[in-house]
Amino acid sequence: MKSLTLINVFLFVLANLLSTNVSYSQVSIEEIIVTGLKRESSLIDAPVAVTVFTAKELEASGVDRPEDYLSLVSNVGYVKSNKEGDFYVNMRGQATIRYAESAVAVVVDGVQLAVQQEFNSNYFDIQQIEVLKGPQGAFYGRNATAGAIIINTKDPGDEWSGNLLASYGNWQSSRVQGGLGGPINDKWGVYLSASMINSDGPYTNRYTQEKPMRWKTQAARMKLLYNNDDTKASFIFSGSQGQGGGIAFSSQIAGTTVGGYFISSADTNDVYNIPFASELAGFNTQDKWSASFRYIKELNDLTFESVSSYSWIKEDSGGKGIPFTDFTNPDNDLGVWEFVFGDTTQRWRNQNKAFTQEFRLSSNNESNLSWQIGAYFQKATKKNLRIGGLYTGGGLSESILPSPIGSINPSIAVNSDKFGVENYSPFGNVQYDVSDSIDISLAVRYETEKRDVLTTTPPGPDTVNGLPTYNQCVLNTGRNPADCKDDITFKQLQPKVTASFKFPNEKGSFYISYGKGFKSGGYNSIGIRQFVVNTAIAVGADPNAVFLQDSYDKETSNAFEIGFKSRLFDDKLDFNGAVFKTEVKNAQQFEFIPLAQVQAVSRIDEQEIEGFELDAKLQVNESFTVFGAFGYTDAEISSLLAAPAFVGNKVPYIAKYNAVAGYQVTMPITSDVSFFHRLEYKGTGRVWYDASNLADSDRNPIDLIDARIGLTGDTWDLILWGRNLTNEKYASEAVPLFAFLNVPQKAPDRSYGIEARYRF
């Protein structure tokens with residue numbers, strides 16, 4: 001009923017706007033150039049399902065975080081958790097999960113991000129974003145199995161110019177961003193930009209007055225461009241530092257009381273009523289920086305391009321362990337579960353560094369045959385550290401080393417691992433124009449990725465548990481510490497074939513494609529499987545039900561797609577659609593085993609995915625634009641050898657549908673001032689969060705409304721904004737563990753504020 005009511009309101013407003021006296025002069029939708037297929041083409045001719053956001057559209061919709069634009073794309077979803085690095089993009093039924101690689105490649109200014117923790121950040125001075133759906137591994141390689149996101153930041157122009165934005169809203173939230181750039185001389189240009197964001201977040205811990213979703217960050221970027229006839233180069237340096245709250249889930253244990261609220265059952269949709277009730281404040285810090293160099297040289301009928309990058313990121317977090325509550329407070333009654341889980345703390349450190357290099361050689365003549373060949377290399381290191389401790393009432397230890405009895409948090413578990421990645425992948429693609437209306441393209445990449453793992457848990461006895469060491473590899477495999485290492489190599493050919501047919505009137509196209517997706521396998525901690533088996537035996541559970549392994553295999557997919565692009569009604573309407581079918585093998589899945597305090601990667605043997613999507617944009621006149629999108633995905637588990645009863649269940653983290661509808665009005669009031677209004681409705685269907693589809697573990701459909709209204713001029717904007725205006729209460733994530741235990745995360749409630757922008 002709520003969805004129907006919101007749609008009726010939207011239609012009522014739309015009808016009234018259409019009936020106003022506005023000029024119906026000849027206007028058309030702006031032509032957009034797409035670069036995501038490694039060559040420029042118009043949006044209407046690009047043989048791929050792609051949604052493009054220009055700088056003008058990003059400003060109009062108030063985009064400052066990834067979720068702001070991802071929520072406007074059909075069959076794209078995301079999971080946002082309680083750490084800055086915990087942001088996972090899902091596309092067309094394929095999910096990104098913790099500890100595994102992303103299902104979607106992200107490319108910023110020609111450089112592919114090495115780890116998914118780099119993606120979640122505040123957006124400023126963005127020129128264009130392209131969201132490509134379907135496997136793009138032949139073009140981008142690693143982690144493009146479900147799609148790719150291409151982000152280009154602003155370049156310096158021929159004249160000096162800049163902008164400044166300031167925003168303030170509820171939760172004591174402030175945002176200040178700005179950029180300035182222009183020519184240094186006839187060959188060099190520079191663009192400098194920076195951003196500062198500070199927010200208390202929407203919730204308060206009733207006992208400590210902590211703001212568990214607080215976040216403060218500063219970011220800066222410098223782009224140097226060189227342009228001299230047949231040579232172009234860019235140097236980009238960026239960095240950010242952020243700090244805030246973390247480790248603040250809301251555990252649901254049936255039959256217990258948290259913060260005075262009785263939990264009758266583990267129900268994802270009941271998360272809003274559970275207060276944050278821990279006596280220990282959590283924390284999260286993230287530091288990251290990157291540098292890249294891009295060189296382009298025109299050589300007669302060829303173009304040579306080299307892209308080099310180095311990135312580094314460190315993220316620390318800590319807080320209470322499950323069930324994240326204050327055991328001593330009389331408003332928290334956990335009964336026997338206090339003894340089962342214990343009063344524990346957790347501290348995490350994740351460090352990643354990566355070097356990437358790509359070379360490309362492309363044709364640039366006027367022939368009906370165009371081609372590109374190249375090679376990609378990445379060398380990366382990931383260090384993961386987790387320390388589980390006993391809570392003794394003295395706060396959270398800052399130590400990243402094992403702590404003995406008598407310390408603030410005596411260590412009950414220490415896991416430290418170093419993971420290495422080496423990726424080599426030659427690639428090539430060719431496009432042949434059979435005629436003026438028929439194009440055929442073939443892209444292929446052969447990817448080789450070597451993974452290795454080294455257990456780096458510090459030596460020394462585990463005096464808390466009375467064990468000779470914390471090292472699970474030594475305890476559970478019998479290896480010597482020096483032998484706690486492994487390596488494995490994964491290889492995969494990734495072809496993509498596309499045939500495109502342009503409509504006779506050149507106002508649209510039809511395409512059909514097949515693509516292979518690939519995501520490398522990898523390692524959990526060595527010895528972790530046996531540790532979980534031992535834990536199962538200790539608590540009387542069936543050890544044969546443990547299907548977690550120390551390593552996991554590569555994930556592959558076969559995807560088929562048929563789509564169309566069209567421009568109708570004198571170029572006023574863009575109407576696009578696609579249907580797709582994807583088969584996935586060894587789909588990587590997140591697994592949390594609370595009694596063993598283990599978080600790792602497991603698999604679903606086979607998934608079958610099919611769906612469709614439609615999107616439209618109507619430029620009614622110079623003042624009024626209407627837009628909409630709808631995506632439907634049916635993703636099911638078709639094989640799970642470890643749990644055959646799960647076959648036929650819905651794939652975790654994938655929404656059944658998502659819908660977008662909205663309009664934008666820019667109506668002149670005077671010769672210098674216009675009235676601006678934009679409304680967005682965003683609906684998301686039912687989502688399951690576990691392969692077993694436990695009762696009440698799914699999240700019900702949600703309906704959100706965002707709006708912006710204000711005044712604009714040639715050089716300035718003054719806008720009132722609001723998100724989730726109907727104050728929908730829902731979970732942004734859940735981790736169902738048993739029928740009686742769920743760990744959901746609250747989504748933010750209503751936010752609003754005022755924003756001022758000045759362009760010069």
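## Exercises on a predicted model

α7 is followed by Gly 540, which has a positive phi, near 85°. The model is predicted, and the exercises below start from this helix.

**Exercise 1.** Determine which residues of helix α7 are buried and on which side of the helix they lie.

*Solution.*
Step 1. Helix α7 spans residues 528–538, and its buried residues are Ile 528, Val 532, Val 533, Thr 535 and Ala 536.
Step 2. These residues cover an arc of only 160° around the axis, so they lie on the same side of α7.
Step 3. The face turned away from that buried side carries the exposed residues Ile 537 and Ala 538.
Step 4. What the buried residues of α7 pack against is β29 and β30.

**Exercise 2.** Describe the largest nonpolar core and state which strand gives it the largest share.

*Solution.*
Step 1. The largest nonpolar core has 36 residues, and Ile 322, Leu 737 and Val 743 have the most contacts inside it.
Step 2. At least two residues of this core come from each of β29 (573–593), β30 (598–619), β31 (624–639), β36 (731–738) and β37 (741–746).
Step 3. β29 gives the largest share, five residues.
Step 4. Beyond its neighbours within four places in sequence, Val 743 is in contact with residues including Phe 249, Ile 322, Phe 324, Val 735 and Leu 737.
Step 5. A second, separate core has 26 residues, among them Tyr 69, Ala 103, Ile 126 and Val 131.

**Exercise 3.** Trace the strand pairing of β24 on either side.

*Solution.*
Step 1. β24 (residues 485–502) pairs with β23 (residues 438–455) in the antiparallel sense over 17 bridges. Within this pairing, Thr 498 in β24 is the bridge partner of Ser 441.
Step 2. β24 also pairs with β25 (residues 508–519), again antiparallel, over seven bridges. Here Phe 501 stands opposite Phe 510 in β25.
Step 3. β24 and β25 form a hairpin with five residues between them, and Glu 506 in the turn has a positive phi of about 60°.

**Exercise 4.** For the salt bridges Arg 360 with Glu 305 and Glu 610 with Lys 581, find the strands they link and the burial of each partner.

*Solution.*
Step 1. The closest N and O atoms of Arg 360 and Glu 305 are 2.9 Å apart. Arg 360 lies in β20 and Glu 305 in β19, so the pair ties together parts 55 residues apart in sequence. Both residues are buried.
Step 2. For Glu 610 and Lys 581 the closest N and O atoms are 3.7 Å apart. Glu 610 lies in β30 and Lys 581 in β29, so this pair ties together parts 29 residues apart in sequence.
Step 3. Glu 610 is partly exposed, with a relative accessible area of 39%, and Lys 581 is partly exposed, at 34%.

Methods: Residues are numbered from 1 along each chain as its sequence is written. This is a predicted model: local features need pLDDT of at least 70, side-chain atom pairs count only at pLDDT 80 or more; totals for chains, interfaces and linings use all residues. Side-chain values use heavy atoms; hydrogens and water are left out. Two strands pair if DSSP finds at least two bridges between them. Helices (H or I, at least four residues) and strands (E, at least two) are DSSP runs, numbered from the N terminus. A nonpolar core is a set of buried Ala, Val, Leu, Ile, Met, Phe, Trp, Tyr and Cys residues joined through side-chain atoms within 4.5 Å. Buried means under 20% relative accessible area, exposed over 50%, partly exposed in between (1.4 Å probe, protein chains only). Contact means heavy atoms within 4.5 Å. The arc is that of the directions from the helix axis to the C-beta atoms. A salt bridge is a side-chain nitrogen of Lys or Arg within 4 Å of a carboxyl oxygen of Asp or Glu.
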